[in-house]
Structures are given as structure tokens and as C-alpha cells.
Amino acid sequence: MELVVNGERRRLRVGVNESLLQVLRDRLGLTGTKEGCAAGDCGACTVIMDGRAVLSCLVMAFQADGRHITTVEGLAEGGQGGKLHPLQEAFMEHGAVQCGYCTPGMLMSAKALLDADPKPDRETIREALAGNLCRCTGYHKIVDAVEDAARRMAEGAGGATVAIRADEARVGKAGEGS
Amino acid sequence: MKEMQSVGRSVRRVDAALKVTGRARYPADYSMAGMLQAKVVWAGEPHARILDLDLSAALALTGVVAVLTSRDVPRNEYGIIDLDQRVLAAEVVRWTGEAVAVVVAETEEVAERARDLVKVTYQPLPLLLDPIKALDPGAPLIHSGRASNLLGSWKVRRGDAEAALAEADLVIEAEYRVPLVEHAYLQPEAALGYLDEAGRVTVVAAAQWPRDDVRQIAHALNLPEDRVREIVPSIGGAFGGREDISLQILVALAAWKTRGPVKMVWTREESMRCHGKRHPFTMRYRWGAKDGWITAAKVELIADAGAYSSTSKAVVPGALSVAAGPYNIPNVWIDARVVHTNNPPTMAMRGFGTAQPAVAYERQMDKFARALGEDPVSFRLKHLWDEGSIQPTGATVPPGVGVKETLRQAALAIGWRPALASGGQPSGKGWVRPELPPLPDGRRRGVGLATAFKNVGYSFGFHDRSTARVTVDLNERGEPLRAEVFSAAAEVGMGVHTVLVQIAAQELGLPVERVKFHPVDTSETPDAGSSSASRHTFISGNAVLAACRQALAKRSPGERRVEAESTYDSQDARPTTGLDPETGAGNPHIAFGYATQAAEVAVDPVTGVVEVLRMVSSQDVGRAMNPLMIEGQVGGGIGMGLGYALMEEFKLRDDGRVRTRNFSEYLIPTTMDMPSELESINVEVPDPAGPYGAKGVGEHVMLPAAPAILNAIRDALGVDIDELPAGPERVWRALSGAGRASSGPERTPAAARKGAPE
């Protein structure tokens with residue numbers, strides 16, 4: 001199959017039972033997209049396929065053949081390290097991120113909304129995010145962030161590049177020295 | 001005090017950029033070359049003897065590397081307090097989430113097929129799902145060889161509650177019931193295990209208490225603790241559910257046995273089935289009042305421990321210690337028992353035993369206020385603790401008591417007003433309920449509030465310790481240039497790394513951008529205790545603060561780097577004790593966080609559907625370290641409390657198997673369930689022992705939501721709902737006079753009154 005992921009054309013062989021989520025995470029190494037339930041209930045795996053938010057755990061890999069996919073890794077302009085999308089900036093500033101596991105799916109649902117409806121009211125935002133579960137925030141900060149991102153985009157304000165702190169755990173290589 | 005350039009400010013979370021770009025890595029995101037995949041064979045029966053384990057078909061499958069059973073576990077026992085759980089079941093399984101074998105294979109697909117080929121023959125044993133029946137003298141034993149299924153019991157005896165009840169002019173008695181509840185963190189359990197470059201068994205996992213995981217892994221594998229290492233990357237929520245071991249020992253065992261990297265990822269169904277839950281409680285409350293004052297509280301708590309003890313022996317005495325609320329009540333009699341059944345083990349969950357009694361004592365307070373013709377604000381205010389008040393255990397309430405102010409603030413924000421005299425000034429005669437104009441759609445509106453409290457830090461004489469190390473680079477004048485904080489405080493989402501960085505930045509006079517939080521790895525970062533009990537800001541914050549001050553004190557001319565390590569131990573600063581077994585006398589808690597929340601609801605009398613329109617939260621946090629992150633805790637706490645009130649119940653079928661297997665069957669609030677208006681007000685009454693006066697915030701902002709919503713439903717409908725969740729059917733039945741929606745005998749919670757004023 002062939003698909004375009006975050007602007008990059010990818011060709012790969014997939015199994016008949018594989019989901020788009022598995023292709024993204026396991027074959028393409030795009031682990032930003034999360035699995036929360038594998039049943040379409042939680043929204044953590046939301047990506048954008050040809051402009052629409054889809055649950056990548058429910059999309060079979062072959063259904064994505066020939067499609068354009070955007071994941072959280074492709075949200076910043078120019079990809080990782082590029083200028084952040086206003087949604088990403090707003091999520092950081094409004095405290096819309098806590099554990100962060102729902103965040104990639106939330107961002108993609110919100111992007112699909114703003115692409116289709118650049119000036120949504122709060123109720124519309126709530127409805128658009130109703131399929132994305134979050135256990136940490138109670139959603140208000142997320143709705144605030146989406147509202148603010150819409151405002152920023154209307155004003156044409158681009159995001160700034162942000163130095164990402166690499167406070168990440170180092171995991172060693174398998175079996176070294178053992 | 002120096003100017004606060006970082007403490008008290010809503011600085012951006014240190015992990016925010018990683019999390020919004022998808023670069024934050026959670027356990028399932030880690031992989032290694034040549035990695036094997038592991039799957040668990042779970043108990044096929046909720047209570048049974050294992051007669052035979054046939055691995056032959058599984059082992060014969062191409063690609064299977066190993067099938068591990070109880071015989072492969074060097075010391076087959078673990079547990080956070082008691083070592084009463086088996087890593088892999090040997091003889092008996094006591095709930096359906098118990099692991100029987102682990103299959104390790106070259107691919108996930110082969111591991112799944114092999115798992116399904118493991119044949120286990122069971123002899124079913126009698127099933128006990130009801131904790132009250134499990135207390136019967138003739139009940140079958142969940143753990144053979146013990147005298148009964150009772151895991152523990154505690155009591156408080158203060159004054160003479162029976163005599164006070166006999167003299168009371170108003171007695172209100174009710175039975176409150178709260179269900180089994182699932183943590184429902186978004187990230188299912190996952191781990192990668194491998195042998196590191198030093199040959200240490202290493203596990204990458206989401207853990208609340210990394211050092212305690214190491215202790216339990218090392219014990220089970222019969223290894224010295226320094227041969228075991230846990231790395232804690234980003235964690236997708238915890239709420240208490242990751243305080244106990246889930247898959248850590250299984251993955252460590254698989255890596256140790258196969259000498260290779262092994263990954264295990266649980267499905268949502270496995271997560272829901274195989275980790276512990278919040279304790280269901282049956283709570284019998286019989287309180288009395290005389291001349292408008294509550295004089296006696298008699299309380300009986302029965303909690304379900306499920307199959308294993310986990311932290312039940314701390315959760316349930318915790319519940320006991322708060323069961324009479326943050327109120328001055330002279331005569332208190334409390335009994336609390338916790339009982340084994342074949343249900344999932346119950347464990348820590350946000351509140352740690354304080355969420356359940358809050359439902360009962362706050363419904364009681366509302367019922368008394370109503371029966372006495374007083375408003376719920378004034379009635380609470382006249383009973384609430386002040387500085388120097390005495391707890392039912394006889395101990396003085398820890399300093400920093402802002403509870404009354406939380407009530408005033410929440411009441412004002414939702415619309416209650418102090419009654420005014422004719423001159424327009426407050427008359428001092430009570431508070432006036434907000435007027436709620438009727439809704440055009442025929443739904444009934446109501447407003448209610450509740451006050452609750454929770455201990456901060458570990459209780460009952462436990463040494464609540466946290467160690468932090470700080471390294472500081474200095475310029476030629478000895479001024480800090482940058483710093484790094486080392487602490488194994490697990491960032492489960494609440495923002496502990498950010499708060500600890502803020503404290504270090506404050507103490508060192510650095511911008512937060514110049515302070516790095518070292519990734520949590522037990523081989524490099526000192527033990528900070530668990531991410532629980534709302535304790536890290538207080539306990540670990542004090543450790544970081546002291547380490548920074550010590551580092552600065554160590555500076556000498558020409559030195560360009562200083563380092564200091566400090567351990568904070570609550571027993572030095574604020575010693576606590578256990579409870580006397582006969583009277584409950586003691587000083588159980590380090591500090592308290594208080595909160596009042598108020599709800600406005602609309603209830604559809606035809607369908608019983610409750611919509612929460614608006615909520616207000618006011619919390620005493622001692623010192624607001626990061627106001628934006630506190631708002632985040634409040635939002636999440638209200639979300640979890642709203643779910644508790646209206647929809648959440650982890651259900652088992654009569655045969656002991658899980659009915660609510662995933663998010664389509666176990667419902668948690670979505671955006672559409674949350675109130676469209678939410679207001680948060682901080683009250684800052686400092687705790688002199690907390691860093692900058694801070695107390696903590698994680699748990700107490702979850703507690704009042706459920707009773708506040710129940711009180712609002714009562715206000716809207718005129719009927720009492722004393723059992724959670726208040727779903728449409730239960731509300732509708734209460735409204736239509738059909739009694740409780742649950743099965744079981746009808747219980748009448750109606751007030752037993754003697755001369756009560758109407």
C-alpha cells in the first residue's frame with residue numbers, strides 16, 4: 001500500500017488485519033499517536049485522514065491506501081522542530097495538558113474542527129471533542145485552548161518555535177554487557 | 001522573603017512541549033531490537049483451585065520462547081503491604097484478574113495464539129461477591145487457614161455517642177452505599193524489560209512509587225535490590241491505580257528468564273480486569289442533634305477489600321479517621337471493617353478512603369440542616385473546625401485550617417448570600433439560597449454544596465520520606481547558572497516535576513528554564529516515595545527546598561559546582577501515630593487539605609437524567625504554587641467526582657466475571673457531561689510546615705463534588721438519593737417512589753425523629 005503521512009509518501013506491505021494505528025506506531029515508528037482502547041471508545045488514536053478526524057484503531061490499514069494522513073508529529077509547520085501549530089501553543093499555555101496521553105488525539109480532533117469551522121463556539125468545540133476521553137483535566141482547559149487557538153489563527157498569528165526540553169529517560173540497548 | 005519569581009506563578013509545565021508534539025514517550029512507545037513479546041494467561045475462573053496446567057500445545061508453537069508459570073518465580077509473592085499475592089497463581093485463583101502464566105514469543109501474534117493454547121483445568125470454589133455475606137460466620141474462606149474473611153477492623157470511641165443519641169431531639173439514620181470504581185487512566189499498562197549494560201534487570205514502566213516496585217521485583221526474583229532498576233518515562237495518568245504492582249514483576253521475570261528484551265502491553269480490557277479498584281463501602285450513619293447542634297455521630301463502615309489486601313489496611317482506617325467530617329462533634333463512635341471477597345482487590349484511588357465517607361457525612365449535614373430549618377451554609381459553618389479544633393481521635397487539627405473560608409467562597413460563588421438586615425448589612429442570621437428561575441424545558445433545577453477534607457502525606461506513624469539531590473553550576477562569582485533536580489517523584493500528570501523545578505528555581509534565584517528535572521530512574525534518582533496522598537508538593541517540595549539551601553551553603557570561592565542531597569521525613573517535622581485499638585485515640589495525620597464544591601443541576605423528572613449545569617470549587621491549598629495547574633487539578637477532580645456521582649460503577653456479573661469491560665461499558669465523563677461553567681477559587685491558609693505554606697491539592701478537590709451533586713438533586717426533586725451512582729434509573733425510581741433502584745432488600749433511610757421541628 002502507499003499513503004502520504006505528514007507530507008511524506010510511504011510505501012509498505014501490511015497484513016490484512018492491521019489497523020492504521022498499528023501501521024503508524026509499529027511500522028512507521030510514529031508513536032505520538034496513542035492506543036487507549038482499540039475499540040473506538042476513547043479517541044486517543046485520532047488522526048486526520050483526507051481532512052477528517054478518524055479513529056486510527058478502527059481504520060484498517062488497506063482503507064488508508066492512497067490517503068493523506070496527518071498525525072501529531074505532522075502538526076507543527078515543517079514537522080518536528082518546526083513552528084508549532086497554534087493549537088499546540090494554546091494547549092501549553094492554557095494548561096490543557098496533564099498526563100498528556102489524550103493530547104495527541106485531542107489536538108487532531110481539534111485541528112479537524114478548526115480546519116472545517118474556523119470560528120466555533122464553546123458548545124461546538126465540546127461536541128467536536130466528545131469522542132476524546134480525558135481523565136485528568138475535566139476538559140475545560142482543553143476547550144479554552146481550542147477557543148484561543150481559533151482566535152490566534154483568525155488573527156493570523158503563527159506559532160513560535162519552542163526549544164523542547166529533552167528530559168527523557170534514556171533506555172539502554174538490549175542485552176548490553178549482560 | 002525574597003521576591004517570588006517562580007513560586008506562585010503559572011509557569012508552563014516542563015513536559016508540555018514534549019507532550020504536544022508527540023515526543024513524550026510512554027511505556028508502550030519504547031522498543032528494542034530483537035525484542036520479544038509477552039502475553040498473560042489470566043485466571044479463567046474467579047475462585048478456583050488449579051488442578052492442571054498443560055503447556056504442551058503452547059510450547060509446541062513455532063516462535064514461542066518460553067511459557068512461565070509459578071515454578072519459574074524464585075519467590076512467588078508480592079504486595080505493597082502484605083506479601084499475599086502470587087506473581088503467578090500456584091494453587092488457587094481468587095479473582096479473574098489473577099495471572100496464571102506468561103507466554104513469551106517472537107511476535108505479539110504468536111504470543112496471543114500460544115496464550116490461548118495454554119490449558120488450565122480448574123475446580124471451582126464457592127464464590128463470594130458480597131462483603132456483608134463474606135462476614136457471615138459460616139462463609140467460605142477466601143484465604144484458607146485464616147479465622148475469617150475479615151482483613152481488618154478499627155474503631156474510634158470518643159465521648160458517649162449512645163447516651164448523646166438517647167438525649168438527642170433529632171436523630172437521622174441512613175445507609176449510604178458507594179460502588180466499585182475504576183481509575184480509568186487513559187494509558188493501559190505497558191512495560192519493557194531488559195538487562196541493562198550492568199546486567200541489572202531493568203523495567204520501563206508507569207509507576208507511582210518506583211522504589212517500591214524495585215523492592216517488590218527484587219523480592220520476587222530473589223535478587224539484591226541493586227540488581228533491579230526501574231525507569232519511569234511519561235505516565236498516562238494513575239490516580240492511585242499504579243501504586244500497586246501490575247505487570248512490572250511479570251515483565252522483569254520474562255526478561256530475567258529469557259535474558260532478552262521483552263515487551264508487554266495490556267489491552268483496555270486487560271487493564272480494567274486486572275488492576276485494583278476504589279473500595280465500595282456500605283456506610284451506616286446514625287447521628288443525633290440537640291438544640292440545633294450535632295452532638296453524636298455513630299458510624300459503621302463496611303468496605304470490600306476484594307481478593308487481596310493491597311493497601312486496604314491503610315485506606316480503611318483512613319476512612320474511619322475522616323468519617324465524622326471536618327466538624328466539631330463531641331461524641332463519636334465509629335466502627336470500620338474491611339472484608340475479603342472474590343472481587344478485584346481494592347486499592348488506592350484519589351482520596352484513599354476519604355471519598356466514600358464524604359458522600360455520607362455531607363448528605364447527613366444537609367439532612368440535618370433541612371430538618372432543623374437551617375440553611376446548609378450556616379449549619380456547616382457553626383460546626384466546622386477552626387484552628388485548634390479536636391479530631392475524633394483526640395488529636396488537635398494540624399495548623400492551617402481554611403475550611404470555613406472554602407465554604408464561604410464556594411457558597412458566594414454559586415449564589416448564596418448572607419442574609420441582610422433591614423439596613424442592608426449582614427444580619428448574621430444565616431445565608432439565603434440562590435433563586436433559580438424555572439427552566440423553560442420543564443426540568444427541575446437544584447443547587448447543593450458539600451465540604452470535605454483529606455490528609456496530605458502518609459498517616460498513622462509512617463515515615464513519609466522524600467530524598468532530593470540538587471546539582472548547581474556556578475559562575476565565577478559563585479552565583480547559580482543552572483541546576484538539575486534529582487528525585488524519583490513519578491510525574492503521573494499532576495505536574496510534580498514542574499512544581500519541584502519551581503521550588504528549585506525560587507531557592508536558587510534562577511529562571512525555571514535553567515532548572516532541569518532529571519528523568520526518573522531508580523539507578524540515578526533518589527527515592528521520593530509515592531505519587532499519592534497529595535504529598536509531593538509538601539514532602540518532596542520540602543526535600544528539594546532543603547537540598548537547594550544546603551547546596552548554596554556549601555559554596556566556597558572558586559568552586560563552580562555544588563551538590564547537596566536532603567531527606568525530608570514527616571516524623572521529624574510533624575510526627576503522627578497509629579490509633580489505639582480500643583479507643584482510636586492517636587494523632588493520625590500530618591496535614592489536611594480542605595475543599596468545598598457547589599453544584600447547580602437540572603433534572604429531567606421524566607427520564608431521571610441529571611445535568612450538572614455549573615460547578616464551583618474552593619480549596620484551601622495553603623499556598624498556590626502554580627495557579628494554572630491547580631485549576632487543572634480542580635477540573636479533573638470535579639470530572640472524577642461527577643463521574644462518581646452520576647455514572648461510574650464497575651460491575652461484575654453474578655458469576656464473578658467483569659461486565660464493564662471497556663469504555664463503552666464503563667462510562668466516564670466526556671466533554672458533554674461536564675458543566676459548561678466551572679469556577680475555581682483558591683483559599684491560602686498556610687501550613688507552617690509546608691514549603692512556602694503549601695499543603696497539596698490533588699485529592700481534596702475531587703471529594704465534595706459527588707455529595708454536592710446529590711445535595712443539588714435533593715434540592716431539585718425533594719428526594720434523597722443515598723446510593724451512587726445517581727444514574728437515570730436510580731433517580732427516576734427515587735422520584736416515582738419506587739425505592740432504591742438496586743436489587744436487595746428495601747432499606748428505609750427516612751429520619752427517625754423525636755420531636756424534630758418541621
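Domain bounds come from an automatic or database domain assignment. The exercises below apply to a predicted model.

**Exercise 1. Domains of chain A**

Task: State which domains chain A is assigned, and describe the side of domain 1 of chain A that touches domain 2 of chain A.

Solution.
Step 1. In chain A, domain 1 covers residues 2–74 and domain 2 covers residues 86–154.
Step 2. Taken over C-alpha atoms, the centres of domain 1 and domain 2 of chain A are separated by 20 Å.
Step 3. Domain 1 of chain A brings 15 residues to the contact, and domain 2 of chain A brings 13 residues.
Step 4. On the domain 1 side, the elements giving two or more residues are β3 (46–49) and β4 (52–55) of chain A. The largest share, 3 residues, comes from β3(A).
Step 5. Sorted by class, this side of domain 1 of chain A has 7 nonpolar, 6 polar and 2 charged residues.

**Exercise 2. Confidence in chain A**

Task: Identify where pLDDT stays under 50 in chain A, and set this stretch beside the mean pLDDT of the chain.

Solution.
Step 1. Chain A has a mean pLDDT of 91, and 87% of its residues reach 70 or more.
Step 2. Over residues 174–178 of chain A, pLDDT stays under 50. For this stretch the model has 18 contacts beyond four places in sequence.
Step 3. Where pLDDT is low, the predicted coordinates should not be read in detail.

**Exercise 3. The contact between the chains**

Task: Determine how many residues each chain gives to the contact, and which elements of chain A take part with two or more residues.

Solution.
Step 1. The contact takes 54 residues from chain A and 68 residues from chain B.
Step 2. In chain A, the elements that give two or more residues are α2 (86–93), α3 (103–116) and α5 (140–154).
Step 3. Helix α2(A) supplies the largest share of the chain A side, with 4 residues.
Step 4. The class count for the side of chain A that touches chain B is 26 nonpolar, 17 polar and 11 charged residues.

**Exercise 4. Domains of chain B**

Task: Give the domain bounds of chain B, then describe the contact between domain 2 and domain 3 of chain B.

Solution.
Step 1. Chain B is divided into domain 1 (16–24 + 463–573), domain 2 (31–125 + 189–265) and domain 3 (156–181 + 277–458 + 580–735).
Step 2. The centres of domain 2 and domain 3 of chain B, taken over C-alpha atoms, are separated by 38 Å.
Step 3. Domain 2 of chain B gives 17 residues to the contact, and domain 3 of chain B gives 20 residues.
Step 4. The side of domain 2 of chain B that touches domain 3 of chain B has 5 nonpolar, 7 polar and 5 charged residues.

**Exercise 5. An open sheet and the helix across it**

Task: Establish the order of the strands in the open sheet that holds β19, β20, β21 and β23 of chain B, and explain why one side of each edge strand is left without a neighbour.

Solution.
Step 1. The order of the 4 strands in chain B is β21-β20-β19-β23, and the pairing is mixed.
Step 2. The edges are β21 (515–517) and β23 (561–569) of chain B; each has a single partner strand, so one side of each has no neighbour in the sheet.
Step 3. From one strand to the next, the twist averages 20°.
Step 4. Strand β20 (residues 480–486) of chain B pairs with β21(B) in the parallel sense over 3 bridges. Within this pairing, B:A483 has B:V515 in β21(B) as its bridge partner.
Step 5. Helix α14 (residues 536–553) of chain B lies across β19 (465–474), β20 and β23 of chain B, and runs at about 145° to β23(B).

**Exercise 6. A further open sheet**

Task: Name the edge strands of the open sheet with the order β18-β24-β25-β26 in chain B, and describe the pairing of β24 with β25.

Solution.
Step 1. This open sheet of chain B has 4 strands with mixed pairing.
Step 2. At the edges are β18 (444–456) and β26 (677–683) of chain B, each of which pairs on one side only.
Step 3. The twist averages 15° from one strand to the next.
Step 4. Strands β24 (residues 591–603) and β25 (residues 610–620) of chain B pair in the antiparallel sense over 10 bridges. Here B:E600 stands opposite B:R614 in β25(B).

**Exercise 7. Two crossing helices**

Task: Describe how α10 and α17 of chain B cross, and which residues meet.

Solution.
Step 1. The axes of α10 (residues 355–371) and α17 (residues 705–717) of chain B come within 8 Å and cross at roughly 35°.
Step 2. The crossing of α10(B) and α17(B) is right-handed.
Step 3. In α10(B), B:A358, B:V359, B:E362, B:R363 and B:D366 meet B:A706, B:P707, B:L710, B:N711 and B:R714 in α17(B).
Step 4. The residues of this contact divide into 5 nonpolar, 1 polar and 4 charged.

How values were computed. Residues are numbered from 1 along each chain as its sequence is written. Chains are lettered from A and ligands numbered from 1 in the order in which they are written. This is a predicted model: local features need pLDDT of at least 70, side-chain atom pairs count only at pLDDT 80 or more; totals for chains, interfaces and linings use all residues. Two strands pair if DSSP finds at least two bridges between them. Axes are lines fitted to C-alpha atoms, for helices over the stretch in contact, and angles run from 0 to 180 degrees between N-to-C directions. Two residues are in contact if their C-beta atoms, placed from the backbone, lie within 7 Å. Ala, Val, Leu, Ile, Met, Phe, Trp, Tyr, Cys and Pro count as nonpolar, Asp, Glu, Lys and Arg as charged, and the others, Gly among them, as polar. pLDDT is the predictor's confidence in each residue, from 0 to 100. A crossing is left-handed if the near helix is turned anticlockwise from the far one by less than a right angle, and right-handed if clockwise.
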